[in-house]
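Colleague: I would like to learn how the features of a model such as this one are read. Could we take them one after another, with the general idea before the case?

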Amino acid sequence: MADRHPLFKPLIFVGGLIFGFGLGFSQMARPEVVLNFLQFEDFGLVFVMFGAAIVSGIAFALLPRIRDRAPLTGDTYERRLKPFDRNVLIGGAIFGVGWGLSGICPGAAYASLGVGNVTILWALAGMFVGAYVQGYWRSRSTNAAPATAGAD
């Protein structure tokens, strides 16, 4: 992080600002909107996610053609493929349970604070504790597992 461009952190802040404004503007920061989506009553969330994915996808497709390296980090562009494995399925199912119980997406949880939903702090606290427990469990599992040749 020490070699980052001086504008790296300010632009991350601006990106978060735009992200939060977009979530609030599209009403995705409201748990009742997310819950209506999860109950198949309102599909606005799908349009918001696809709209965001299309805009981001265009940027990620064009930038490597314009520049060899990321402008602020200097990192080369490369594909990082995540294998579709058991962890993805189980993690996705667990994520879905938490999503349904809290009624909020992780990114939208922070934006929800901005629109006055202070109760969301309970969900955020739960997200931090859940992520910490998973990281602790993973580190213990990794340390206990024997090293395999050729593993990443």
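Modeller: Let us begin with the helices: helices (H or I, at least four residues) and strands (E, at least two) are DSSP runs, numbered from the N terminus. Tyrosine 136, for instance, has its place in helix H6. This is a predicted model, in which local features need pLDDT of at least 70 and side-chain atom pairs count only at pLDDT 80 or more, while totals for chains, interfaces and linings use all residues. Residues are numbered from 1 along each chain as its sequence is written, and side-chain values use heavy atoms, with hydrogens and water left out.

Colleague: Is tyrosine 136 buried or exposed, or in between?

Modeller: Buried means under 20% relative accessible area, exposed over 50%, and partly exposed in between (1.4 Å probe, protein chains only). Tyrosine 136 counts as partly exposed because its relative accessibility is 45%. Tyrosine 136 and glycine 103 are 33 residues apart in sequence, and their C-alpha atoms are 26 Å apart in space.

Colleague: What span should the 18 residues of H1 have?

Modeller: The expected span of a helix is 1.5 Å times one less than its number of residues. For H1 the expected span is therefore 26 Å, and the end C-alpha atoms, 25 Å apart, agree with it.

Colleague: Which residue takes a positive phi just after H1?

Modeller: As a general idea, most residues other than glycine have a negative phi. Glutamine 27, in the loop between H1 and H2, has a positive phi near 65 degrees, and glutamine 27 is partly exposed, with a relative accessible area of 40%. Phenylalanine 40 also has a positive phi, near 60 degrees; phenylalanine 40 lies in the loop between H2 and helix H3 (44–66) and is exposed, with a relative accessible area of 65%.

Colleague: How many residues has the largest nonpolar core, and which of them have the most contacts inside it?

Modeller: A nonpolar core is a set of buried Ala, Val, Leu, Ile, Met, Phe, Trp, Tyr and Cys residues joined through side-chain atoms within 4.5 Å. The largest such core here has 16 residues, and Trp99, Ile104 and Ile120 have the most contacts inside it. Helix H2 (31–38), helix H5 (106–114) and helix H6 (120–144) each supply at least two residues of this core. Taking contact to mean heavy atoms within 4.5 Å, and leaving aside residues up to four places away in sequence, tryptophan 99 touches Val34, Phe37, Leu38, Leu45, Ile104 and Cys105.

Colleague: How many salt bridges does the structure hold, and how is one recognised?

Modeller: Side chains of opposite charge can pair when their charged atoms come close. The criterion for a salt bridge is a side-chain nitrogen of Lys or Arg within 4 Å of a carboxyl oxygen of Asp or Glu, and the structure holds two salt bridges. In one, arginine 30 pairs with glutamate 32, their closest N and O atoms being 2.7 Å apart; arginine 30 is partly exposed at 33% relative accessible area, and glutamate 32 is partly exposed at 39%. Another joins aspartate 85 to lysine 82, with the closest N and O atoms 3.9 Å apart; here aspartate 85 is partly exposed, with a relative accessible area of 28%, whereas lysine 82 is exposed, at 58%.
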